[in-house]
Amino acid sequence: MYFIILATMLTNTNAAPLPMPSIMGSYETLEKCRDELIFMADNNGFRLTKHPMFGKSAAKQYGKEGVTVFFCARDMRSI
């Protein structure tokens, strides 16, 4: 089982921290998770990237205020 995880990092704000990370969806295989990640990126203005820690991910930067990142992660409880 794989999850799409949403992480938002704020840099220049006094707002209360958001609950992080958030699970956005679950998928049976890594391929299905990545397909949904690509679909979400294409339809919501995110840029596809390859992160050294997250692998394939989708990111959107909001000026100097922060960045939102989606990535797939394996549910280690199902191993």
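## How β1 and β5 pair

Strand β1 and strand β5 (residues 66-74) run antiparallel and are joined by 9 bridges. To find this pairing in the structure, start at F3, whose bridge partner in β5 is A73. Please keep in mind as you look that this is a predicted model.

## The other partner of β1

β1 also pairs with strand β2 (residues 22-27), again in the antiparallel sense, this time over 5 bridges. A handy landmark here is I4, which has G25 as its bridge partner in β2. So far, then, β1 has bridges to β5 and to β2.

How much of β1 is buried? Of the 9 residues in this strand (residues 2-10), 7 are buried, so β1 is largely enclosed by the rest of the structure. Buried here stands for under 20% relative accessible area.

## The fold as a whole

Stepping back, the protein contains 5 strands and 1 helix. Reading from the N terminus, you will meet the elements in the order β-β-α-β-β-β.

What share of the contacts between residues at least 6 apart in sequence join residues at least 24 apart? In this protein the share is 50%.

## Inside and surface

Now for the balance between interior and surface. The protein has 79 residues, and 32% of them count as buried. The exposed area comes to about 5,600 Å². Carbon and sulfur atoms supply 57% of that area.

Methods:
Residues numbered from 1 in each chain as written. Predicted model: local features only at pLDDT ≥ 70, side-chain atom pairs only at ≥ 80, totals over all residues. Heavy atoms only, no water. Helix = DSSP H or I, 4+ residues; strand = E, 2+ residues; numbered from the N terminus. Buried < 20%, exposed > 50% of the residue type's maximum accessible area, 1.4 Å probe, protein only. Contact = heavy atoms within 4.5 Å. Areas by Shrake-Rupley, 256 points an atom, 1.4 Å probe, with all protein chains shown as cover. Pairing = 2+ DSSP bridges.
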